[in-house]
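Student: I should like to request a close look at a single part of this molecule, with the surrounding context needed to place it. Please give one connected account.

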Amino acid sequence: MFSPPAPLPETDTEDASETDLAKHDEEDYVEMKEQMYQDKLASLKRQLQQLQEGTLQEYQKRMKKLDQQYKERIRNAVCFSFAQTEQVERNYIKEKKAAVKEFEDKKVELKENLIAELEEKKKMIENEKLTMELTGDSMEVKPIMTRKLRRRPNDPVPIPDKRRKPAPAQLNYLLTDEQIMEDLRTLNKVQCWFPPASPSSPEHLPATPAESPAQRFEARIEDGKLYYDKRWYHKSQAIYLESKDNQKLSCVISSVGANEIWVRKTSDSTKMRIYLGQLQRGLFVIRRRSAA
């Protein structure tokens, strides 16, 4: 026969109860974690659903902020566009006025320069014509007066001189035929701009030998400077310009070219072109004057 088991000691009973309690606590903890996970998952699903529907509070708050930034940026862009447009229009009007003014000034200057150039060409041709007429009168070949002695009866008969006779004087034209024809065409065009001079004017009076340019002046241009009558003249220098008709003008040298100079009258600011040949022949005389 078997004997009944002996009763467990009291210490073993306490250990068993503690083990059961620990297992129970662990199960509660796992169950609690599972519940928290399920709650968070449900919350996220609910927020996702609200986000898709557009009713999520955080989404609406951020969308409102983005909308404000968008409207502010659009307003700034429109203001900047208006400001730039006004600036461009002001610049356009300013440039247009400047272009019109420059065009008018250039047109007036071009017209004045052409008129002055044509006047100078006309005067130069008339002066050359007078010079040619004067030179032609002075270059006429005059017979040489020789004294013939009476031949004596016993003197031999004189042998006629067969030496070459002097060739008649010829005129050397300063211009070619093409240049003369071009100047004549220019004069025909200028006649409609300038009235013909009266017959009593000094230009149409008969030339006298006293008017011939007997005195010649030394005039040349070097390195942009004019050497005239043992003096040097440069650009922007104040001078007196004297003509053949004793007219004295106060001028300023505006430019020095290769064979001519341009002077500007101080009275009306018109420009004149003076050639070296005119200075050398004494048609114009230059004198220094103080700038004041």
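Tutor: The account below begins with the strands and their core, and then turns to the helices and their surface.

The model is a predicted one. A suitable place to begin is the run of strands β4, β5 and β6. Strand β4 covers residues 238-243 and strand β5 covers residues 248-256; the two run antiparallel and are joined by 5 bridges. Within this pairing, L241 has L249 of β5 as its bridge partner. The connection between β4 and β5 is a hairpin with 4 residues between the strands. In that turn, N246 has a positive phi of about 60°.

Strand β5 also pairs with strand β6, residues 260-265, in the antiparallel sense and over 5 bridges. Here V256 stands opposite I261 in β6. The two strands form a hairpin, with 3 residues between them. Strand β5 is thus a partner of β4 and also of β6.

These strands contribute to the largest nonpolar core, which has 21 residues. The members that touch the most other members are L226, Y228, L241, V263, I274, L279 and I286. Several elements each supply at least two residues of this core: β1 (219-222), β2 (225-228), β4, β5, β6, β7 (271-275), α4 (276-281) and β8 (284-288). L241, already met as the bridge partner of L249, is therefore also a core residue, since a nonpolar core is a set of buried nonpolar residues joined through side-chain atoms within 4.5 Å. In soluble globular proteins, nonpolar side chains tend to be buried together.

L226 illustrates how this core is connected to its surroundings. With neighbours within four places in sequence left aside, L226 is in contact with R220, I221, R231, W232, Y233, I261, L276, L279 and I286. Two of these partners, L279 and I286, are named with L226 among the core residues that touch the most other members. Another partner of L226 is I261, the residue of β6 that stands opposite V256.

At the edge of this region is E218, which is placed in the loop between α3 (177-190) and β1. E218 counts as partly exposed because its relative accessibility is 43%, between the limits of 20% and 50%. Not counting residues up to four places away in sequence, E218 touches Y227, Y228 and D229. One of these, Y228, is a core residue from the list above. E218 and K230 are 12 residues apart along the chain, and their C-alpha atoms are separated by 7.6 Å.

The helices supply a further set of features, beginning with a nonpolar surface patch. L48, L51, Y59, M63 and L66 make this patch, which has an area of about 450 Å². The elements that give two or more residues to the patch are α1 (10-53) and α2 (57-138). Helix α2 gives the most, with 3 residues. L48 lies in helix α1 and is partly exposed, with a relative accessible area of 46%. L48 can therefore belong to a surface patch, as its accessible area passes the 30% needed for membership.

Charged pairs are also found along α2. The structure holds 10 salt bridges, and three of them are described here in turn. In one, the side chains of R62 and E58 meet at 3.1 Å, N to O. Both residues lie in helix α2, 4 residues apart, about one turn of the helix. R62 is exposed, at a relative accessible area of 57%, whereas E58 is partly exposed, at 42%.

A further salt bridge joins the side chains of D67 and K71, at 3.3 Å, N to O. D67 and K71 are separated by about one helical turn, because they are 4 residues apart in helix α2. D67 counts as partly exposed, with 35% relative accessibility, and K71 is exposed, with a relative accessible area of 54%.

K101 forms a salt bridge with D105, and their closest N and O atoms are 3.2 Å apart. These two residues are likewise 4 residues apart in helix α2, about one turn of the helix. K101 counts as exposed at 55% relative accessibility, while D105 counts as partly exposed at 42%. Beyond such pairs, E117, K121 and R273 are joined into one network by salt bridges that share partners.

Methods. Residues are numbered from 1 along each chain as its sequence is written. This is a predicted model: local features need pLDDT of at least 70, side-chain atom pairs count only at pLDDT 80 or more; totals for chains, interfaces and linings use all residues. Side-chain values use heavy atoms; hydrogens and water are left out. Patches are made of residues with over 30% relative accessible area and no salt bridge: like charges are joined within 9 Å, nonpolar side chains (Val, Leu, Ile, Met, Phe, Trp, Tyr) within 5 Å. Accessible areas come from the Shrake-Rupley method with a 1.4 Å probe; for residues, only the protein chains shown count as cover. A salt bridge is a side-chain nitrogen of Lys or Arg within 4 Å of a carboxyl oxygen of Asp or Glu. Buried means under 20% relative accessible area, exposed over 50%, partly exposed in between (1.4 Å probe, protein chains only). Two strands pair if DSSP finds at least two bridges between them. Contact means heavy atoms within 4.5 Å.
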